[in-house]
Amino acid sequence: MEQVHLFTKKLKPTHISHALSFPTHALKAFSFPEGSHTVRFEAVDATDNVWGFCLSTRLTGARPKPVLLRSSWRRFVEQKGLVPEDRVAFFMERSGEADDMIRRYTVRAQRKVMMLKGQDVWVDVEDVPLYGPLN
């Protein structure tokens, strides 16, 4: 399977407390039912847990302004212990070129633990020691 990076986003306080804004360019990786502005999908995390998300676009206006709805996003935030400045990354794996190809989504929740030679070092939150990030 080919893995495609959809997006990585550093989390802001509103992403933690409300919905996660979703980049418009990533919408191409999802098939919305005819006439619908929402699509439900599952994503597998680094520990093989499956998370259900609901992606929604607005009904009016010139731009779709997609978001992961709070009803599906909040559980992920709480279980992972996400805080502002953490980041999430979404990927899609596909098994072929056709429009009806099998798609599998993955999600990674990451925390910056240090800088090394001027570069941020990010690790999955599941791998962060309990005492928190290093400075």
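Let me start with a word we need: a residue is exposed when its relative accessible area is over 50%, and buried when that area is under 20%. Anything in between is partly exposed. Take Lys-12. Its relative accessible area is 53%, so Lys-12 is exposed. Keep those cut-offs in mind. They come back in almost every step. One more thing before we go on: this is a predicted model.

First, the overall picture. The protein chain has 135 residues, and 39% of them count as buried. Its secondary structure comes to two helices and eight strands. Starting at the N terminus, the order is β-α-β-β-β-β-α-β-β-β. The exposed surface of the chain is about 8400 Å². Carbon and sulfur atoms supply 51% of that area. Now consider contacts between residues at least 6 apart in sequence. Of these, 52% join residues at least 24 apart.

Back to Lys-12 for a moment. Where is it? Lys-12 sits in the loop between strand S1, residues 2-10, and helix H1, residues 13-17. Look across to Val-83. The two residues are 71 apart in sequence. In space, their C-alpha atoms are 8.1 Å apart.

Next, the strands. Please find S7, residues 103-116. Which way do its partners run? S3 and S7 run parallel, and two bridges join them. One pairing to look for is Val-44 with Thr-106 in S7. S6 and S7 run antiparallel, with eight bridges between them. Here, Arg-87 has Gln-110 in S7 as its bridge partner. S7 and S8 are antiparallel too, and six bridges join them. Met-115 stands opposite Asp-120 in S8.

Stay with S7 and S8. They form a hairpin, with two residues between them. Lys-117 is in that turn. What is special about its phi? The phi of Lys-117 is near 55 degrees, a positive value in a residue other than glycine. Is Lys-117 buried or exposed? Its relative accessibility is 81%, so Lys-117 counts as exposed.

Glu-85 also has a positive phi, near 85 degrees, and is not a glycine either. Find Glu-85 in the loop between H2 and S6. At 48% relative accessibility, Glu-85 falls between the two cut-offs, so this residue counts as partly exposed.

Now the charged pairs. Side chains of opposite charge can pair when their charged atoms come close. How many salt bridges does the structure hold? The count is eight. I will show you three of them.

Number one on my list is Lys-80 with Asp-45. Their side chains meet in a salt bridge, with N to O at 2.6 Å. Lys-80 lies in helix H2, residues 70-80, while Asp-45 lies in the loop between strand S3 (38-44) and strand S4 (50-56), so this pair ties together parts that are 35 residues apart in sequence. Lys-80 has a relative accessible area of 12%, so Lys-80 is buried. Asp-45 is at 5%, so Asp-45 counts as buried too.

Next pair: Arg-111 and Asp-86. In this salt bridge, the closest N and O atoms are 2.7 Å apart. Again, distant parts of the chain are linked. Arg-111 is in strand S7, and Asp-86 is in the loop between H2 and strand S6 (87-94), 25 residues away. Arg-111 has 15% relative accessibility, so Arg-111 counts as buried. Asp-86 is at 3%, so Asp-86 is buried as well.

The last pair is Asp-124 with Arg-108. The side chains meet in a salt bridge, 2.5 Å from N to O. Asp-124 is in strand S8, residues 119-124, and Arg-108 is in strand S7. These two are 16 residues apart. Which side is buried? Asp-124 is, because its relative accessibility is 8%. Arg-108 has a relative accessible area of 31%, so Arg-108 is partly exposed.

One more point on salt bridges. Some of them share partners, and these join Asp-45, Lys-80 and Glu-126 into one network. So when you open the model, start at Lys-80 in H2. Then go to Asp-45, and look for Glu-126 in the network.

That is my tour. Thank you.

Key:
Residues are numbered from 1 along each chain as its sequence is written. This is a predicted model: local features need pLDDT of at least 70, side-chain atom pairs count only at pLDDT 80 or more; totals for chains, interfaces and linings use all residues. Side-chain values use heavy atoms; hydrogens and water are left out. A salt bridge is a side-chain nitrogen of Lys or Arg within 4 Å of a carboxyl oxygen of Asp or Glu. Helices (H or I, at least four residues) and strands (E, at least two) are DSSP runs, numbered from the N terminus. Buried means under 20% relative accessible area, exposed over 50%, partly exposed in between (1.4 Å probe, protein chains only). Two strands pair if DSSP finds at least two bridges between them. Contact means heavy atoms within 4.5 Å. Accessible areas come from the Shrake-Rupley method with a 1.4 Å probe; for residues, only the protein chains shown count as cover.
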